[in-house]
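Subject: Structure handover

Hi,

Here is the structure for you to take over. Please load it first, then read the notes below.

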Amino acid sequence: MNYRIANKSDCSVLTQLRMQMRKERDADFCEETLYENTFDFFTRTLEAGSHIAFLCEDHGTVIATAGLSLFEMPPTTKLPNGKVAKLMNMYVIPTYRSQGIAKHMLTFVLNYAREHSYHKIMLNSSPMGEPLYQDFGFQLIPNEYEFYIKQENVKTLFQGSKHPVSR
């Protein structure tokens, strides 16, 4: 197995692997909607250096991937440099699962993060990935929230608000 960092010429295979992953995980998956946007994401972010993608190849065939989206937060006591990475797109094609590939991929990715001073790694996990992340020492953080901004819910939220929004 060969583990390597992806480059711009890998955008097609990265997009294909992400489409396979989404099909497995998302009942409402619609490839027609996501393919072009995903390809554009990889093209832009790999070139800009804001996303690092990783590949595992078996005799020249890509069989697994992972990615780190990189950003900075204001420094804290625990994170004095403020550098954070979000692990995403961790995926091994079904015929290669349960062979330790995800474990080796995660080791490769975490070594990259450490070498580039990204000391905080965040992620969302599928149920299948939870044991791997727990074995590596990832901790579930209960006080995180997310919110998807849609035009209709923003209007509803701020109608009659005690805190006027100025534009």
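A residue is called buried when its relative accessible area is under 20%. With that cut-off, Cys 11, Leu 14, Thr 15, Leu 17, Met 19, Met 21 and Arg 22 are the buried residues of α1. Keep in mind that this is a predicted model.

Overall picture

The chain has 167 residues, and 34% of them are buried. It holds five helices and five strands. Read from the N terminus, the order is β-α-α-β-β-β-α-β-α-α. Contacts between residues at least 6 apart in sequence were sorted by separation: 61% of them join residues at least 24 apart.

Confidence

Mean pLDDT for the chain is 90. A value of 70 or more is reached by 90% of the residues. Strand β2 has the highest mean among the elements, 98. Helix α5, residues 151-158, has the lowest, 57. Where pLDDT is low, the predicted coordinates should not be read in detail.

The first two helices

Helix α1 has 15 residues. Its first and last C-alpha atoms are 21 Å apart, close to the expected 21 Å. The buried residues of α1 pack against α2, β2, β3 and β4.

Helix α2 covers residues 31-48, 18 in number. It reaches 25 Å from first C-alpha to last, close to the 26 Å expected. Which of its residues are buried? They are Thr 38, Phe 42, Thr 43, Thr 45 and Leu 46. An α-helix has 3.6 residues a turn, so residues three or four places apart point the same way. The cover over the buried residues of α2 includes α1, β2 and β4. Gly 49 follows just after α2 and has a positive phi of about 80°.

Two pockets

The largest pocket has a volume of about 1,000 Å³. It is lined by 27 residues, and those closest to its centre are Ile 121, Met 122, Leu 123, Gln 139 and Ile 141. Helix α3, strand β5 and helix α4 each supply at least two lining residues. The largest share, four residues, comes from β5. By class, this lining has 13 nonpolar, seven polar and seven charged residues.

The second largest pocket has a volume of about 700 Å³. Its lining has 30 residues. Nearest the centre are Arg 25, Met 90, Ser 126, Gly 129 and Tyr 133. At least two lining residues come from each of α1, β4, α3 and α4. Strand β4 gives the most, with seven. The classes here are 14 nonpolar, eight polar and eight charged.

Two residues to look at around α4

Gly 129 sits in the loop between β5 and α4. Is it buried or exposed? Gly 129 has a relative accessible area of 13%, so it is buried. It is one of the residues nearest the centre of the second largest pocket. Ala 102 is 27 residues away from Gly 129 in sequence, yet their C-alpha atoms are 8.9 Å apart.

Leu 132 belongs to helix α4 itself. Its relative accessibility is 18%, so Leu 132 counts as buried. Leaving out residues up to four places away in sequence, Leu 132 touches Met 90, Ala 102, Lys 103 and Leu 106. Take Lys 103: it lies 29 residues from Leu 132 along the chain, with 7.0 Å between the C-alpha atoms.

Positive phi outside glycine

Asn 89 has a positive phi of about 60°, and it is not a glycine. This residue is in strand β4. Asn 89 has 9% relative accessibility, so it counts as buried.

Ser 117 is another non-glycine residue with a positive phi, near 65°. It is found in the loop between α3 and β5. At 30% relative accessibility, Ser 117 counts as partly exposed.

Where to start

Begin with the two pockets, at about 1,000 Å³ and about 700 Å³. Then look at Gly 129 in the loop between β5 and α4, and at Leu 132 in α4.

Best wishes

Key: Residues are numbered from 1 along each chain as its sequence is written. This is a predicted model: local features need pLDDT of at least 70, side-chain atom pairs count only at pLDDT 80 or more; totals for chains, interfaces and linings use all residues. Side-chain values use heavy atoms; hydrogens and water are left out. The expected span of a helix is 1.5 Å times one less than its number of residues. Buried means under 20% relative accessible area, exposed over 50%, partly exposed in between (1.4 Å probe, protein chains only). Contact means heavy atoms within 4.5 Å. On a 1 Å grid over the protein atoms alone, a cavity is a set of points where a 1.4 Å probe fits but cannot get out, and a pocket is an open set with protein on both sides within 12 Å along at least five of seven lines; lining residues have an atom within 4 Å of a point. Grid points are joined across faces, edges and corners, and a volume is the space filled by probe spheres set on the points. Ala, Val, Leu, Ile, Met, Phe, Trp, Tyr, Cys and Pro count as nonpolar, Asp, Glu, Lys and Arg as charged, and the others, Gly among them, as polar. pLDDT is the predictor's confidence in each residue, from 0 to 100.
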